[in-house]
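Trainee: Before I trust any label on a model, I would like to see the value behind it set against its cut-off. Could we go through the labels in that way?

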Amino acid sequence: MDKSILSLKLKEYRKQKGHTQEELAELLDVSDKSISKWELGNGYPSKKNMMKISELLDVSLEVLMIEEQAEDTRLKRSFKYALVSYFIIISLTILIRGIKEADRYKDILSSDVSEIMKIVIVNFGQNIYIAIVPALIIGLVSHFYLIPRQEAD
């Protein structure tokens with residue numbers, strides 16, 4: 001897990017107040033391993049614990065919540081990349097297959113609208129699963145590689 005604002009600053013805030021990890025853990029009613037994990041960036045405290053940390057260390061809750069909001073934004077952006085990629089890949093797949101099978105569809109415009117819709121739906125149904133794996137890969141690559149690089153720049 002990447003270092004978060006919380007993990008980078010929690011140790012500093014804790015030491016400013018003169019608490020050890022054990023003391024802070026006792027005040028929060030968690031294990032000292034949890035405090036260590038949070039400070040190393042290997043996990044996040046619950047919202048309830050974030051509120052307690054905010055009070056105990058006299059740090060605004062907004063500062064503690066910034067990282068959680070950034071992670072939510074990162075997940076939404078990754079999902080958006082995957083979804084857009086999915087629609088692009090499915091559209092290209094249908095287009096390419098339509099071109100390859102052009103003879104099959106040369107009289108399509110002389111058909112009525114219901115027949116055209118039936119052909120479109122059948123083709124979409126036949127090709128819907130082809131784009132899932134590449135779109136998931138694009139979403140994961142963006143989540144774990146592209147977006148962190150953009151945020152670092």
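**Labels and their cut-offs**

Trainee: Why is Val133 called exposed?

Mentor: Val133 has a relative accessibility of 52%, and since exposed means over 50%, buried under 20% and partly exposed in between (1.4 Å probe, protein chains only), the residue counts as exposed. Val133 sits in helix H7, residues 132–152, where a helix is a DSSP run of H or I with at least four residues, a strand a run of E with at least two, and numbering starts at the N terminus. Please keep in mind that this is a predicted model, in which local features need pLDDT of at least 70 and side-chain atom pairs count only at pLDDT 80 or more, whereas totals for chains, interfaces and linings use all residues. Residues are numbered from 1 along each chain as its sequence is written, and side-chain values use heavy atoms, with hydrogens and water left out.

Trainee: What does the chain consist of, in helices and strands?

Mentor: The protein chain has 7 helices and 0 strands, so that the order from the N terminus reads α-α-α-α-α-α-α. Of its 153 residues, 29% are buried.

Trainee: Which residues make the nonpolar surface patch?

Mentor: Val133 is one of them, together with Tyr129, Ile132, Leu136, Ile137, Val141, Tyr145 and Leu146, and the patch covers about 780 Å². A patch takes residues with over 30% relative accessible area and no salt bridge, joining nonpolar side chains (Val, Leu, Ile, Met, Phe, Trp, Tyr) within 5 Å and like charges within 9 Å. Val133, at 52%, passes the 30% condition.

Trainee: What makes the other patch negative?

Mentor: Its members are Glu22, Glu23, Glu26, Asp29 and Asp32, and Asp and Glu count as negative, so the patch is called negative. Helix H2, residues 21–28, gives the largest share, namely 3 residues. Glu22 lies in this helix and, with a relative accessible area of 44%, falls between the 20% and 50% limits and is therefore partly exposed.

Trainee: Asp29 is in that patch as well; is the residue buried or exposed, and what is its phi?

Mentor: At 69% relative accessibility, Asp29 counts as exposed, and its place is in the loop between H2 and H3. Its phi is near 65 degrees, a positive value in a residue other than glycine. Most residues other than glycine have a negative phi. Asp58, also not a glycine, has a positive phi of about 55 degrees; Asp58 is found in the loop between helix H4 (47–57) and helix H5 (61–100) and is exposed, with a relative accessible area of 62%.

Trainee: How do you know that Glu39 and Arg14 form a salt bridge?

Mentor: Their closest N and O atoms are 2.6 Å apart, and the definition asks for a side-chain nitrogen of Lys or Arg within 4 Å of a carboxyl oxygen of Asp or Glu, so the pair qualifies. The structure holds 1 salt bridge. Because Glu39 lies in helix H3 (residues 32–40) and Arg14 in helix H1 (residues 5–16), the pair ties together parts that are 25 residues apart in sequence. Glu39 has 7% relative accessibility and counts as buried, and Arg14, with 6%, is buried too.

Trainee: What makes Tyr86 and Phe87 an edge-to-face pair?

Mentor: A search of the whole structure finds 1 aromatic pair. The ring centres of Tyr86 and Phe87 are 5.5 Å apart and their planes stand at 75 degrees. Rings of Phe, Tyr and Trp (its six-membered ring) pair if their centres lie within 6.5 Å, with planes under 30 degrees apart counted as stacked, over 60 as edge-to-face and the rest as tilted, so this pair is edge-to-face. Tyr86 is buried, with a relative accessible area of 13%, whereas Phe87 is partly exposed, with 44%.

Trainee: Why is Val59 called buried, and how many residues separate Val59 from Leu10 in sequence?

Mentor: Val59 has 10% relative accessibility, which is under 20%, so the residue counts as buried; Val59 lies in the loop between H4 and H5. Val59 and Leu10 are 49 residues apart in sequence, and their C-alpha atoms are 9.6 Å apart in space. Leu40, in helix H3, is 30 residues from Leu10 along the chain, with a C-alpha separation of 9.4 Å; with a relative accessible area of 47%, Leu40 is partly exposed.

Terms used: Accessible areas come from the Shrake-Rupley method with a 1.4 Å probe; for residues, only the protein chains shown count as cover. The place of a charge is taken as NZ of Lys, CZ of Arg, CG of Asp or CD of Glu.
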